[in-house]
Amino acid sequence: MRKREILLFFPVLLLISFACTLPFTRNDSEEALNKRVQRLWEARVKGDGGTIYDMSDKKFRKSIPRERCLNRGTLNVIKYNIVKVEVVEKGREGSAMVFFETIRMGHRLEISIKEMWIFEDGKWHLKRSDLRTPFGDKR
C-alpha cells in the first residue's frame, strides 16, 4: 500500500509543479492588449484586411459586412512603432499610441494615432464603431 501511494504521489506532484511554472497572463491584461495591438499592426503592414476586420469591435462588425469592408482596401503601412499601450479601465477599455509611416499620393507621411480598444468576448478588439470626422461618418 505504501509503495502505491508513493507511485501516485510523484505524478501528482509533477503536474502541480508544472502548472505552477506556467505563465499566468490574464486576457484583459496590458500584456495581452500589447500582443493584440502588435498583431493588428503586423496585419496592417501585410495588408491583411480580414485579420483587421476580425479584430474590430462587435458593433463595427455588425454594422458593416465583412466583404464590404474588405473591398474598401487597407491603409498601406510601411512601418510602425507602438509607443504606449495601457489598460484604461481594467477588463473593459484600453488604448495604444502608435507612430506609423504610409505613402499617400506619392508622399511619405509619418502619422501618430491613439487607438481605443475594448475587451469583449474574452479578447481585446479595436474600437472602430465610433469613427467619425467633422465631415460625417467615415463608413
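Is Lys-58 buried, exposed or partly exposed, and at what relative accessibility? In this predicted model, Lys-58 counts as partly exposed, since its relative accessibility is 30% and the partly exposed class covers what falls between under 20% for buried and over 50% for exposed. The side chain of Lys-58 will return below as one partner of a salt bridge with Asp-121, after the overall arrangement of the chain has been set out.

## Overall arrangement

The protein contains 5 helices and 6 strands, and read along the sequence these elements follow the pattern α-α-α-α-α-β-β-β-β-β-β. Of its 139 residues, 30% count as buried. Among contacts with a separation of 6 or more, 52% are made by residues that lie 24 or more positions apart.

## The sheet and the helix across it

An open sheet is built from 4 strands in the order S1-S2-S3-S4, with antiparallel pairing. Its edges are strand S1 (77-89) and strand S4 (123-126), each of which pairs on one side only. On average, and with direction ignored, neighbouring strands of this sheet are turned by 25 degrees against each other.

At the S4 edge, strand S3 (residues 107-120) pairs with S4 in the antiparallel sense over 4 bridges, and Glu-120 stands opposite Lys-123 in S4. S3 and S4 form a hairpin with 2 residues between them, and in the turn Asp-121 has a positive phi of about 55 degrees.

Helix H2 (residues 30-46) lies across S1, strand S2 (93-104), S3 and S4, and runs at about 155 degrees to S1.

## The nonpolar core

In soluble globular proteins, nonpolar side chains tend to be buried together. Here the largest nonpolar core has 18 residues, and those with the most contacts inside it are Leu-33, Val-37, Leu-40, Trp-41 and Trp-117. The elements that give two or more residues to this core are H2, S1, S2 and S4, and the largest share, 6 residues, comes from H2. For Trp-41, once residues up to four places away in sequence are set aside, the residues touched are Val-77, Tyr-80, Val-98, Phe-100, Ile-113 and Glu-115.

## Salt bridges

The count of salt bridges in the model comes to 7; the table gives three of them, with the N to O distance for each pair.

| Salt bridge | N to O distance |
|---|---|
| Arg-44 and Glu-115 | 2.6 Å |
| Asp-121 and Lys-58 | 3.3 Å |
| Glu-101 and Lys-79 | 3.6 Å |

The salt bridge between Arg-44 and Glu-115, with its closest N and O atoms 2.6 Å apart, links distant parts of the chain, Arg-44 being in helix H2 and Glu-115 in strand S3, 71 residues apart. Both Arg-44 and Glu-115 are buried, and Glu-115 is also among the residues that Trp-41 touches.

The side chains of Asp-121 and Lys-58 meet in a salt bridge at 3.3 Å, N to O. Because Asp-121 lies in the loop between S3 and S4 while Lys-58 lies in helix H4 (residues 58-63), this pair ties together parts that are 63 residues apart in sequence. Asp-121 is exposed, with a relative accessible area of 58%, whereas Lys-58 is partly exposed at 30%.

Within the sheet, the side chains of Glu-101 and Lys-79 meet in a salt bridge at 3.6 Å, N to O. Glu-101 lies in strand S2 and Lys-79 in strand S1, so this pair ties together parts that are 22 residues apart in sequence. Glu-101 counts as buried, at 9% relative accessibility, while Lys-79 counts as partly exposed, at 48%. Salt bridges that share partners join Lys-79, Glu-101 and Arg-108 into one network.

## Surroundings of Thr-102

Where does Thr-102 lie, and which residues is it in contact with? Thr-102 belongs to strand S2 and is buried, with a relative accessible area of 1%. Leaving aside neighbours within four places in sequence, Thr-102 is in contact with Leu-75, Asn-76, Val-77, Ile-78, His-107, Arg-108, Leu-109 and Ile-111. For one of these residues, Asn-76, the backbone oxygen lies 2.5 Å from a polar atom of the side chain of Thr-102. Another of the contacts, Arg-108, belongs to the salt-bridge network with Lys-79 and Glu-101.

How values were computed. Residues numbered from 1 in each chain as written. Predicted model: local features only at pLDDT ≥ 70, side-chain atom pairs only at ≥ 80, totals over all residues. Heavy atoms only, no water. Pairing = 2+ DSSP bridges. Axes fitted to C-alpha atoms, helices over the stretch in contact; angles between N-to-C directions. Contact = heavy atoms within 4.5 Å. Salt bridge = Lys/Arg side-chain N within 4 Å of Asp/Glu carboxyl O. Buried < 20%, exposed > 50% of the residue type's maximum accessible area, 1.4 Å probe, protein only. Polar contact = N/O pair within 3.5 Å; in protein donor to acceptor, adjacent residues only side chain to side chain. Core = buried A, V, L, I, M, F, W, Y, C linked by side-chain atoms within 4.5 Å.
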